[in-house]
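The exercises below are meant to be worked through with the sequence and the coordinates open side by side. Try each task before reading its solution.

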Amino acid sequence: MTSLVSVDAVVLAPALAPVLGVVLVLVGDAVRPGRSRWALPLAGVVLVAGALVALRGSLGSELEPLRTLCLPAPDGACLWTAGPRTSTLQAAVLLASAAALALLHDGRAGRRDTAVTATLLLASATGGVAVAAARDLGSWLVALELATVPVVALVALRGTRSAAHGALSLLVTSLASFALLVLGAALWLTATADATFSSEAVAAAWADPDRRRVLVLAVTLLVAGLGFKLSLVPFHAWTPQAYAAADLGTTLFLAAASKVSAVAALLVVVSALVGAAPGPAVAVLLGLPAVASLLLGTVVALRQDDPVRLLAWSTIAQAGWVVVPLTAVSATGLRAAAAYVVTYAAATTVALAVVARTGARTLAGTRGLLRRDPLAGGALGLALLVLAGLPPGVIGLVVKVLALSAPVAAGVWPVAAAGVVAVVLGLAVYLRWVAVLLARPEPADGPGEEAGDTAHGRSTRVVVVAGTVVLVLVSALPQLLVGGLS
Amino acid sequence: MTPWLLVLPTVLAAGLGVAVRRDDRWAGALAVTGTGVTLLLALVAWISQSGTVVGHLPSLPLGDLEVPLTLATDPVRLAVAAVVALVATAVQAYSTWYLAADDRYGQFAATVSLFTAAMLLVVVSSDLVLTVVGWEVMGWCSYLLIGHWSRRPAARRAALKAFLVTRVADIGFVLGLVGLAAGARSTDLGAVVRAWDRPTACIDAAVVSGSSLGDALGACGAPDATLRAVLLVLVVIGVLGKSAQVPFQDWLADAMEGPTPASALIHAATMVAAGTVVLAGLFPLLADSPSARWVLGLAASVTMLLAAVLAFAQSDLKRMLAWSTVSQVAIMLGAVAAAPDGAGPDAGLLHLWSHALFKSLLFLAVGWAAVAAGGTAATALRGSAAAAPVLRAAFLVGFLSLAGVPLVVGGVSKEHVLATAWDGAVAGDGPGIVVLVVLVLTSAVTAAYSTRGYLVLTAHVRQRPTAGGVTPAASAVLWVLTVLVVFGGLVLLTGTFAVGEVSLLWLLLTVLVVGLGVAVALRGGFDRDPAEVLARRLTPHADRGLGVDAVYRRLVARPVVRLARVVAFLDTEVVDAYVRGTAVATRAAGWTGVRLHRGERPSAGVGLVLAAVVVLGLVGVLAWS
């Protein structure tokens, strides 16, 4: 290729696949406008193919990551660095996007805007994949915005009044967060005098009291900006509204793919701080929003009666859980956070897919689901148990233990204590719903629900089955996930 | 022959018996075979074996504690095992007739087999763990057997009562044995006895050589005497419960709700006698501990006389036999308590042996008579011995033996108990004198109620009662037992039981005492029930066991229930209040959170974001600049 930057197409494939998909969809739509029923299936195929390539990368070693876009100087600086952890997160983003596509496919059969939907979704997935591997401020910022902005359009596409409100809320907070991120990036550059996320530069900046002040402010702003995408309290206000306003495919994308890419972005920042910055400073900056999210998200989820809103508040609490291990600012903490977010994404995908399949808008609508529809009921039950961290959802328990063991090892006790309280409260949140699933179905609502059930399609069922298989597999063999990230 | 062979057949019979319980004939054949084989094995071993044989299982690895799981047989144990197997065989053969019409005969037979196996385990056990296993299995089986006719509320209540009372006493038994085993770091009986035994020879030598007693105790590594006394008293409490001694005596009379063969088994050779076997194993320790001996001796003495008096006044002859069992077991335990260190527990075991024979005979015969007469009340049973010639012979021999008339088996053993108590009284360091005095009084009362029983059962009546369908097996069982009761005293000639000579003086005294009792009983003439003549006013109270049931309820049940209510109140109203409080607080917090997020406007979101950023930035900059 060019002499300036080396390019390895195979390494870039996880990001190139959705880009290729975008091109194909747009070209196809230009050739035969309005008859693009094939757009969503095509996008799905492309996403799954990209995920398979990414999974190949997750079998590698953290010491020898896949690298490309390397610059001649400074020596060895590569703009794209994907170790096993990054590759796993990329695969999770792509698969979660594919799941969202499947739900959108079933939800809007016959709609004319499928090409637009597919394009937006693929673009956002590209951003999510790229941000995980980006190691320089520029591509990191661009990729992050690429992951975010199309979602606003996706929410708005539904066309209802509440969807417009949700999209507006999303847009406003998104802009605010973008401003914060840009400011943070600028301060980071000022403090470290380095346009990449490198530990050496951070360590040098930390040694100088003047630059340290700037660096702390930079980290604060970056955490705040990412807090919006992660739905950390107090940057969470948009979440329940947007979840409830969008259709379930978009909600699933927001809840799973967006969250994974946001965590991937956060991991890029924190991994530069590991070993370079002393723990307590970062622990407070990350710990405050984490604890607030854990407690507020769980407590409010306890009062929700709409499954989607319940899952929205549960997302806020789970975002807190993802950040809990990062407060240790250690390598084990990074691994625990990645494992947690992947598990959370899988469980949430299954839960939302089942909600889409049943069409229930209240918890009572899923009453006795385990007897009426054992596949959906069992999958939802397992997903909720994983989120609660109870066997047989063993993987939920494993990642919770991992998440708590990092701050415990680092001595960040207040965060660990809040985690314990959140575990207990979380049991109430999820078991409340599980109890409804287990209850005897009311004879009166039987036929009506059955009629509603016929609306869902095959793709949703595939998502439910595949997600459940993943949950069962990693529950039976947790080292598949936890070991793959080490 | 390994001792496990004695336990195995009945265990097999119990296991297979459950499998074939639907078929009465198979169940019966299996049960009789199981106990019969055991009897044969025990007899062969008894005749052929001279010393002690130990059988091992792979020992349990339990850290510091050694659990060898050994069984041991010596002539005395084999003699007791043989009589247990004999009584069990008799009971099994008898119940093939007695319970022929019962729809749950199969379960009954299997339970009896298991019960027998448990008793045999206790008899040949040389390991405290196995003793506890046998002891507990007997407790369960007695519950099943007493409550066999579970459709009757009285049977259910009696079974539950027996279970609860013995179980409460078992707390002491288990604690005591655990303590003994912990002190010895082994559950092996020999090791436990060695560890807790007073090193008398060593101490005597040290005292003779001039050191003080305290120094001698320390130098010889003597175990803590107080602790040993406490542990032994705990074991004795368990024994008192299982053997229905004061203050646990009331369950045994109620247990008469069970089928008569089960009563014969429980009373004659198993459960109630098991305590004597266990204490005989621990005898060397008991002999060293005067306090435990006093507890046992006093409880046995009180029980002995009280139960004999209650037996005399019962209006129901089966309950009379039950109270007589309580009294006779007290005599065994009294012998163990009174025996001085040199004498050994064999007088008590000999009485156990003979009691097993004559009490099983009496129970089985009364069961037959009750079938003929249609009830067990004294008025119903009047003259029912006329139903069959074997009954007359059985009652004559059985009551003679119960009264302790010399030369029949019961008389032989009772004289040895008297002689042992006399030795204890002379030695003067235990409850020997008390046991001796009470035993003489009890002998008179026993003779009186034996006379009463015989008079009532063999009274002349116009209409001869008959019991239909008696099988030859049942009458053969009674004949065999009758013969054994007459000649069983000859067991002394085998030298199995290490008991001393009995002088002619004791024979004379016994005859005198028995004669006195008989004379008192005959005051009303031959045709009247002596209880009506002598104890008319006592009878209603005796039938209720002197109202001990109500005392149990007032002293134990009611306080326990009240305590439980208090605990439940504390749990639900105080402890749970905090739990409910957290739930309320959480829900309130959730409600507040929902209220705060009701106005979901974009501007509010942005405001929140900016405010939070300012706060976080200030915190970060101020803290780490």
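## Exercise 1: A leucine in its surroundings

A:Leu122 lies in helix 4 (residues 114-133) of chain A, and the model in which it is found is a predicted one. Task: determine whether A:Leu122 is buried or exposed, and which residues it touches when those up to four places away in sequence are not counted.

Solution. Begin with the accessibility: the relative accessible area of A:Leu122 is 0%, and because buried means under 20%, A:Leu122 counts as buried. Next, list the neighbours, leaving out residues up to four places away in sequence; A:Leu122 then touches A:Pro18, A:Gly21, A:Val22, A:Val25, A:Ala43 and A:Leu47. Finally, take a C-alpha separation as a check on the fold: A:Leu122 and A:Leu40 are 82 residues apart along the chain, yet their C-alpha atoms are separated by 9.9 Å.

## Exercise 2: Two helices of chain A

Task: compare the reach of helix 8 of chain A with the expected value, and work out how many residues of helix 9 of chain A are buried.

Solution. Helix 8 covers residues 209-230 of chain A, 22 residues in all, and its first and last C-alpha atoms are 31 Å apart, which is close to the 32 Å expected at 1.5 Å a residue. Just after this helix, A:Ser231 adopts a positive phi of about 60°.

For helix 9 (residues 238-245) of chain A, eight of the eight residues are buried, so this helix is largely enclosed by the rest of the structure. The buried residues are A:Trp238, A:Thr239, A:Pro240, A:Gln241, A:Ala242, A:Tyr243, A:Ala244 and A:Ala245. To see what covers them, look at their contacts, which include helix 6 (161-192), helix 8, helix 10 (248-273), helix 12 (307-323) and helix 13 (331-358) of chain A.

## Exercise 3: Salt bridges in chain B

Task: starting from B:Asp549, find the residues that are linked with it in a network of salt bridges, and describe where the partners lie in the chain.

Solution. Side chains of opposite charge can pair when their charged atoms come close. The structure holds 17 salt bridges over all chains. In one of them, the side chains of B:Asp549 and B:Lys161 meet at 2.5 Å, N to O. This pair links distant parts of the chain, with B:Asp549 in helix 26 and B:Lys161 in helix 6 (residues 153-184) of chain B, 388 residues apart. Both B:Asp549 and B:Lys161 are buried.

B:Asp549 also forms a salt bridge with B:Arg553, at 3.3 Å from N to O; these two residues both lie in helix 26 of chain B and are four residues apart, about one turn of the helix. Their accessibilities fall into separate classes: B:Asp549 counts as buried at 17%, whereas B:Arg553 counts as partly exposed at 46%. Assembling the network then gives B:Arg157, B:Lys161, B:Asp250, B:Asp254, B:Arg319, B:Asp549 and B:Arg553.

A further pair can be examined in helix 6 of chain B, where B:Arg167 and B:Asp170 lie three residues apart, about one turn of the helix. Their side chains meet in a salt bridge of 3.7 Å, N to O. B:Arg167 is partly exposed, with a relative accessible area of 27%, while B:Asp170 is buried, with a value of 3%.

## Exercise 4: Surface and interface

Task: identify the residues that form a nonpolar surface patch with about 600 Å² of accessible area in chain B, and then describe what is buried between chain B and chain A.

Solution. The patch is formed by B:Val566, B:Phe569, B:Leu570, B:Val574, B:Val575 and B:Tyr578. Of these, B:Val566 can be placed in helix 26 (residues 548-596) of chain B, and because its relative accessibility is 46%, B:Val566 counts as partly exposed. As background, chain B exposes about 25,400 Å², with carbon and sulfur atoms supplying 69% of that area.

Turning to the interface, 23 residues of chain B are in contact with 34 residues of chain A. The area buried between the two chains is about 2,600 Å², and carbon and sulfur atoms give 80% of it. The last step is to count salt bridges between chain B and chain A, and that count is zero.

Methods
Residues are numbered from 1 along each chain as its sequence is written. Chains are lettered from A and ligands numbered from 1 in the order in which they are written. This is a predicted model: local features need pLDDT of at least 70, side-chain atom pairs count only at pLDDT 80 or more; totals for chains, interfaces and linings use all residues. Side-chain values use heavy atoms; hydrogens and water are left out. The expected span of a helix is 1.5 Å times one less than its number of residues. Patches are made of residues with over 30% relative accessible area and no salt bridge: like charges are joined within 9 Å, nonpolar side chains (Val, Leu, Ile, Met, Phe, Trp, Tyr) within 5 Å. Accessible areas come from the Shrake-Rupley method with a 1.4 Å probe; for residues, only the protein chains shown count as cover. A salt bridge is a side-chain nitrogen of Lys or Arg within 4 Å of a carboxyl oxygen of Asp or Glu. Buried means under 20% relative accessible area, exposed over 50%, partly exposed in between (1.4 Å probe, protein chains only). Contact means heavy atoms within 4.5 Å. Buried area is the accessible area (1.4 Å probe) that two parts lose on being put together, summed over both.
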